[in-house]
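Student: Can you take me through the salt bridges in this one?

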Amino acid sequence: MEISLLLLSLRLTLGLSEGGSEGVRTVASTFKCSRQGSNRLPAFTMNGDFIIGGAFSIHYKELTKTHNYTAVPEPPSCARGINSRELRFSRTMIFAIKEINNSTELLPGVKLGYQIYDSCASVPVSIQAAFQLSNGQDPMFQTGDNCSASGVIMAVVGESGSTPSISISRIFGPFNIPLVSHFATCACLSDKEQYPTFFRTIPSDQFQADALAKLVKHFGWTWIGAIHSDSDYGKNGMASFLNVALKEGICVDYIESFYRTDPTSKIREVANTIRRSTAVVVVAFTAAGDMKFLLEELARDPPPPRQWIGSESWVTDPLLMSFSFCAGAIGVAIQQSVIPGLRDFLLDISPSEVAASSVLTEFWEDAFNCSLTESTAVKGKRCDGNEDLKTLKNLYTETSKFRITNMVYKAVYAIAHAIHNAVCHEIKSTSQCDKHIRLEPKQVPVSVCSESCPPGTRKVLQKGKPICCYNCIPCPEGEISNMTDAPDCIPCPREFWPNVVNTACFPKPVEFLSFDEVLSVILATFSVSGACLAILTAVVFFHHRTTPMVRANNSELSFLLLFSLTLCFLCSLTFIGAPSEWSCMLRHTVFGITFVLCISCVLGKTIVVLMAFKATLPGNNVMKWFGPPQQRMTVVSFTFIQVIICIIWLVVSPPFPVKNLTTFKEKIILECALGSAVGFWAVLGYIGLLAVFCFVLAVLARKLPDNFNEAKMITFSMLVFCAVWITFIPAYISSPGKFTVAVEIFAILASSFGLMLCIFAPKCFIILCQPEKNTKKYLMNKY
């Protein structure tokens with residue numbers, strides 16, 4: 001009986017007569033190959049090489065009509081009342097297609113067209129739109145099975161509601177026409193057996209329902225009311241929510257359902273249930289179009305304070321959030337996004353566009369409360385052409401938060417990319433497309449348990465399944481696979497590393513502190529500058545060598561100290577550049593010897609200060625034991641010890657260049673291995689020992705009563721020197737790669753500048769800027 005009624009209904013809908021098996025074939029042929037003259041016109045249309053269909057609920061509901069069954073029913077139509085949000089969705093689809101047509105990368109040389117229908121948020125109107133989109137746009141009637149396919153749509157964007165999407169998908173399924181929805185979230189649509197050609201750019205309601213249930217549980221609300229749209233979206237969404245909520249120990253006072261086309265009494269009954277209930281929290285899994293009518297009814301007699309928990313469909317709708325009792329509503333929302341250029345496209349509608357579209361005409365008249373024609377039955381004045389959409393505040397002009405709008409944009413681009421992959425191919429990095437290729441909405445099917453694993457991955461069998469079923473796992477770090485369905489990945493050689501997609505091995509980049517780098521240039525500049533400063537200071541001292549300031553501070557040791565400082569500054573240059581056998585041995589030994597020479601000179605000057613003070617005591621002739629020959633012998637002796645340490649180091653186990661492959665896996669660090677770590681730390685330790693000894697002596701002599709006591713400056717210089725090298729040790733150990741060398745150079749330069757500035761800067765200042773103090777009387781003056 002049910003089958004008979006179904007066939008009768010189908011025949012009545014299509015205007016067909018009885019005819020047995022021939023009649024059934026006629027039904028299929030007529031349905032696919034002909035178009036009825038009573039079809040509704042698209043809301044928006046444009047021709048193209050490939051046509052993309054669209055279905056949006058641009059009007060809130062279908063116009064209710066009474067049929068007397070004595071005449072052929074008129075095509076369904078929409079009741080007046082534009083849904084500005086859905087109009088924005090449809091215009092976004094037009095914007096995306098125009099953007100693609102202007103692109104030189106996506107479908108170059110191919111023009112996309114569109115046929116966008118208004119479904120009026122109604123299942124019957126949605127079904128009729130699906131029939132018209134399935135029929136194609138051929139101007140001629142075709143008979144038989146060999147139908148012309150020119151102008152047949154490649155895919156359809158829509159619908160916003162789950163129930164209309166279900167109806168459209170059932171019609172599109174047999175014809176393999178993809179339906180890509182931007183807002184149909186019913187989890188039921190994920191069933192590929194029932195809806196094989198349905199796709200969407202928005203998550204299903206299963207995730208939303210879980211989130212809402214956990215949200216209610218989080219706040220400890222265990223007594224709630226529940227309302228939902230009397231549609232597939234509302235029923236399935238609420239069922240998923242309740243399934244999780246009951247497991248969380250949440251109790252439900254009432255469950256009410258309604259639909260926008262229900263009588264006012266039915267919607268009023270739902271509103272009264274909300275008013276009477278003791279449940280303060282109301283979970284509403286409803287479509288925005290349905291919720292609008294309920295909120296309008298509640299606004300007549302606002303209920304006591306209620307906490308609304310809303311689904312994405314309505315909780316992000318600014319129009320519905322304008323109701324005062326919805327303040328503080330909580331729900332989930334699609335992430336906001338930015339679509340460059342869309343705002344200007346939406347708001348810059350020319351008068352000719354408005355006049356050419358009945359939908360835009362109605363929207364314009366309702367928005368500005370004016371009429372475009374004399375016959376338009378709209379209260380208000382005549383439109384004068386000065387109306388500006390930018391001054392309006394409605395859902396169409398709300399362009400600050402593109403949420404679902406972005407889902408429409410993505411759906412259009414997903415279809416365009418699919419067409420591009422079918423008709424375009426790359427030639428010398430340029431896409432060339434053949435717009436004359438005849439495409440079927442769905443191409444020859446592939447029957448495999450698992451897709452082939454591309455290069456860069458390997459096959460891993462799925463536990464408990466046949467060998468045809470496997471997962472594709474990316475190759476581990478440092479390994480590649482250069483073939484399809486590779487069973488294993490191959491490690492790259494030690495000095496090679498995979499590319500980004502793990503399909504080939506390439507030599508690792510080599511890294512060292514080269515002269516081409518900014519850091520090296522800066523360090524080299526400071527090095528040369530320091531050497532020049534030392535030489536310039538020596539020139540100043542030589543020119544004023546007869547003055548008390550120079551003579552009183554042991555000019556011979558001062559010139560030797562400046563010479564050693566010049567070598568210290570310049571030795572840092574040996575650390576820059578690619579390491580070699582000679583450079584590795586040179587950089588550490590020269591550094592060790594020059595710094596010992598430098599500290600030895602400072603130590604000699606410190607001893608001279610102490611001995612000079614002792615010599616002023618009655619009967620003390622200690623200076624005869626520390627005259628110039630003894631000073632020279634002291635410096636040579638201390639330096640000779642460091643030379644011996646360096647020679648032993650170079651003979652036993654000298655530094656050598658090495659490729660460091662362990663610090664970074666993806667690159668090679670060229671550096672100097674220490675050879676003997678004992679030798680390296682012996683060199684540094686000896687320098688440190690002399691520096692500490694010098695520091696102690698300088699501290700002992702810092703309060704001697706000379707007006708210009710050099711021990712004070714030596715104390716500060718050794719303090720800086722020791723602080724730099726104590727800080728250097730942890731920094732040297734922890735710095736990676738080439739920065740290890742940079743830290744060592746920095747320590748050399750910092751300590752050299754410390755010695756230079758602390759010991760010689762005050763003297764040069766007096767010699768050049770305060771010559772009146774460069775006298776024996778001033779220097780010999782006591783505190």
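Tutor: What follows covers the salt bridges and where their partners sit. This is a predicted model: local features need pLDDT of at least 70, side-chain atom pairs count only at pLDDT 80 or more, and totals for chains, interfaces and linings use all residues. Residues are numbered from 1 along each chain as its sequence is written, and side-chain values use heavy atoms, with hydrogens and water left out.

Student: How many salt bridges are there?

Tutor: The count is 14, where a salt bridge is a side-chain nitrogen of Lys or Arg within 4 Å of a carboxyl oxygen of Asp or Glu.

Student: What does Arg260 pair with?

Tutor: Arg260 meets Asp290 at 2.8 Å, N to O. Arg260 is in the loop between E8 and helix H8 (264–276) and Asp290 is in helix H9 (residues 288–300), 30 residues apart. Helices (H or I, at least four residues) and strands (E, at least two) are DSSP runs, numbered from the N terminus.

Student: Is Arg260 buried or exposed?

Tutor: Arg260 counts as buried at 10% relative accessibility, and Asp290 counts as buried at 1%. Buried means under 20% relative accessible area, exposed over 50%, partly exposed in between (1.4 Å probe, protein chains only).

Student: Other topic: which residue does Lys665 bridge to?

Tutor: Glu477, with the closest N and O atoms 3.3 Å apart. The pair ties together parts that are 188 residues apart in sequence. Glu477 is exposed, at 58% relative accessible area.

Student: Which residues form a network through shared partners?

Tutor: Arg80, Glu365 and Asp366 are joined into one network.
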